[in-house]
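Reader: Hey, I'm new to this one. Can you pull it up and walk me through a few spots?

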Amino acid sequence: MMGPLGAMRALSGAVAKSFMLAQQQHSNSSQRVLLPCISNLVRQAHTAQIKPVTEKEQAALSKIRNIGISAHIDSGKTTTTERILFYTGKIKDIHEVRGKDGVGAKMDSMELEREKGITIQSAATYCTWKDKQINIIDTPGHVDFTIEVERALRVLDGAVLLLCGVGGVQSQSITVDRQMRRYSVPRVVFVNKLDRVGANPWKVIQQARDKLKLNAGAVQIPIGVEEFHEGVVDIVKRRAITFGGAKGLDVVEGPVPADLAEEVEARRAELIERVSEVDDQLAEQFLLEEPIEAEQLAAAIRRATLANKFAPVFMGSAYKNKGVQPLLDGVSDYLPCPTDVQNIALDIDNSEQELTLPCSPSGPFVGLAFKLEEGKYGQLTYMRVYSGKVAKGDFITNSSSGKRTRVPRLVRIHSDELEDIQAASAGDIVALFGIECASGDTFTDGSVNFAMTSIKVPDPVMSVSLTPKSTDQLANFQRALQRFQREDPTFTVSNNAETGETIISGMGELHLDIYVERMRREYKVDCEVGRPKVNYRETIQARAEFTYLHKKQSGGSGQFGKVGGFIEPLPEDSTTRYEYANEIVGNVIPPEFYPACEKGFREAANAGSLIGAPVEGVRVVLNDGAAHAVDSNEMAFRLAAIGGFRQAYASARPTILEPVMKVEVTVPVEFQGIVMGDLNRRKGMILDSRQEAEDAVIEAMVPLNSMFGYSTVLRSNTQGKGEFAMEYSHHAPVTKEQQEQLTSAAGKKA
């Protein structure tokens with residue numbers, strides 16, 4: 001078996017052969033031979049590092065579950081998590097949300113979280129149930145289309161979707177399910193609050209099928225509801241489960257009560273039929289009318305759940321300490337372990353080509369920093385380990401910056417408590433101290449250059465100005481801005497040189513509102529917030545030529561630089577925003593001035609002549625020019641390039657582009673007409689309108705400038721029953737009247 005040194009010798013030998021082969025060819029053909037050869041060797045070297053999971057590793061990893069618990073506000077998420085931690089022995093006592101004892105639940109949310117329905121504070125805890133280690137991750141509660149959502153959901157292998165036994169599927173339930181669906185997260189459903197008046201689990205399951213389009217099926221039926229709720233019957237195993245003793249610690253299994261026997265068999269037959277529709281093995285047994293044992297049915301439910309074709313439904317009342325232990329069994333039995341999920345890495349050295357990364361502890365170390373938190377000991381970096389191992393004292397490399405860092409401290413997180421550990425391996429979720437990085441950075445051991453998420457960050461689409469109300473708060477203001485930028489790459493900060501204002505930019509109104517509110521609560525900084533501003537861009541619609549001479553004489557050596565060429569629009573499907581080509585033949589411009597020309601053109605493209613917005617979709621070609629033996633210098637050619645670009649730009653039919661958002665509005669059917677009329681008034685283009693049960697779902701493209709304050713208007717138009725989600729789609733040309741207004745406003749400022 002070839003060791004690391006042997007592999008390196010073989011690799012260097014192969015590269016040497018490639019060079020020898022290339023030297024024997026013509027210079028042009030040598031490049032055609034050499035570059036693919038080296039590229040293939042790099043790809044082979046990276047692939048050779050990736051190792052499949054061994055049987056021993058699979059056995060260990062099969063005992064790990066990385067799950068999120070998601071729910072509509074007040075469905076009992078915090079209460080359920082509290083019971084999970086208590087029954088797994090992680091905490092010694094149960095404290096209620098806003099409890100009278102003044103302690104409060106272990107995983108209780110921040111005030112801002114309760115108000116806005118977003119996850120901000122703790123990111124993870126862990127516990128052990130029987131032989132399984134369960135890492136519980138806080139999932140983002142609100143659709144806020146930033147990178148943070150994707151990265152937090154990225155580290156989940158499975159999820160528990162909590163539904164209220166009375167309220168059923170509510171607006172936030174639809175939101176979190178939509179997120180899980182987008183990132184293909186398998187889930188089990190827990191119908192909670194069956195002790196409440198009006199609880200009806202069968203109504204909730206039907207709503208899950210109708211509103212969420214889930215192939216949901218009950219694996220339990222309740223033993224009584226409302227004040228008569230005593231426990232559940234496991235219809236897979238045909239066993240009744242009741243909960244007694246102090247705080248539901250005594251779980252008693254017994255035969256199915258006689259009055260429920262008939263219903264259990266009917267519900268079990270329905271469950272088998274639903275699962276057999278999406279599982280071939282069970283379908284074969286079902287069609288042959290063979291008896292289906294509990295183990296066979298459980299295995300089929302697991303296969304269908306992992307394939308995202310089925311969602312098993314559990315029942316209980318977390319507040320009354322009923323049904324939580326069987327839910328933990330369901331998490332162990334039906335949700336995926338790390339090796340059941342296919343993890344895709346991007347090979348940075350190979351144009352971010354996708355490759356499958358096995359969750360193998362013996363492979364190269366690859367970990368994703370998915371959340372940052374300011375702790376009392378410095379920055380705390382939450383990390384999911386996807387491959388290999390990391391130990392305290394190891395050196396790890398940041399794929400984004402290339403910086404190599406030593407791991408000074410490695411911990412497991414339990415809400416606000418830390419437990420020091422010596423090492424972590426593939427499948428684990430841990431936290432590191434003393435690592436400077438941004439949210440979403442990938443770390444490796446240096447042997448590979450992989451990223452777990454694309455390093456391409458979407459540009460912000462909206463900005464507001466921020467000014468602290470008191471000069472005493474400036475230090476905290478700067479500290480908060482630095483921290484928020486590290487946490488979220490889509491949140492950017494700049495300074496307006498003319499007004500001295502601090503400008504924050506992000507992905508939408510809600511996104512920026514959250515950071516302003518966090519600044520007030522976490523850093524005690526009150527800010528004056530300016531009117532939201534849209535991030536416009538400029539482009540051209542026609543080709544235009546330029547011949548520009550920059551000449552200046554002021555005693556002694558002067559400045560002389562002449563450039564000629566043209567600018568033209570890039571094709572609509574172009575992946576680049578700006579292209580530059582030097583097509584000069586001969587030495588009309590000395591080669592040492594080429595970089596100055598390129599710098600000048602790029603500088604001019606950073607601020608168009610209409611409103612000073614960045615210019616995109618433009619190709620600049622330099623094909624002529626002239627130089628002076630004495631007066632030509634880099635400054636002269638840089639200024640000539642700026643002047644040449646502006647000269648041609650005025651003749652290239654420039655236009656202003658505005659950000660257009662893809663908006664999805666969900667409202668009760670009776671409000672559909674009002675909402676569509678309002679979107680049309682906002683210059684929106686309706687793409688689709690469909691009905692899902694009692695709701696209408698409207699998809700539209702709407703200019704961002706027309707969407708400010710939309711949440712208030714939507715609430716008013718729908719009696720508070722409507723919700724909407726919004727994400728950036730593209731930039732599109734503004735109307736002629738709007739362009740004249742924007743240009744005139746920019747002229748007045750100037």
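Author: Here is a short chat about cysteines, a helix, some strands and a cavity. It's a predicted model, where local features need pLDDT of at least 70, side-chain atom pairs count only at pLDDT 80 or more, and totals for chains, interfaces and linings use all residues. Residues are numbered from 1 along each chain as its sequence is written, and side-chain values use heavy atoms, leaving out hydrogens and water.

Reader: Cool. How many disulfides does the structure hold?

Author: Zero. A disulfide here is a pair of cysteine sulfur atoms within 2.5 Å.

Reader: And Cys 127, buried or exposed?

Author: Buried, because its relative accessibility is 1%. Buried means under 20% relative accessible area, exposed over 50%, and partly exposed in between, with a 1.4 Å probe and protein chains only. Cys 437 is buried too, with a relative accessible area of 6%.

Reader: Switching to helices: how many residues of H4 are buried?

Author: In H4, residues 77-87, 10 of the 11 are buried. Among them are Glu 82, Arg 83 and Phe 86. Helices (H or I, at least four residues) and strands (E, at least two) are DSSP runs, numbered from the N terminus.

Reader: What follows H4?

Author: Gly 89, with a positive phi near 80 degrees.

Reader: Okay, strands. Which way does E12 run against E13?

Author: Antiparallel: four bridges join E12 (residues 344-347) to E13 (residues 353-356). Two strands pair if DSSP finds at least two bridges between them. Leu 346 has Glu 354 in E13 as its bridge partner.

Reader: What's between those two strands?

Author: Five residues, and the strands form a hairpin. Ser 351 in the turn has a positive phi of about 55 degrees. E12 is also joined by two bridges to E24 (residues 450-451), again antiparallel, and there Asp 347 has Phe 450 as its partner.

Reader: How many cavities of 30 Å³ or more turn up?

Author: One, in a search of the whole structure. A cavity is a set of points on a 1 Å grid over the protein atoms alone where a 1.4 Å probe fits but cannot get out, and lining residues have an atom within 4 Å of a point.

Reader: How much space is in the largest cavity, and what lines it?

Author: About 40 Å³, the volume being the space filled by probe spheres set on the points, which are joined across faces, edges and corners. Ala 124, Thr 125, Tyr 126, Asn 135, Ile 413 and Ile 429 line the largest cavity. Strand E2 (residues 124-129) gives the largest share, three residues.

Methods
1 Å grid on protein atoms, 1.4 Å probe; cavity = no way out; pocket = protein on both sides within 12 Å on 5 of 7 lines; lining within 4 Å.
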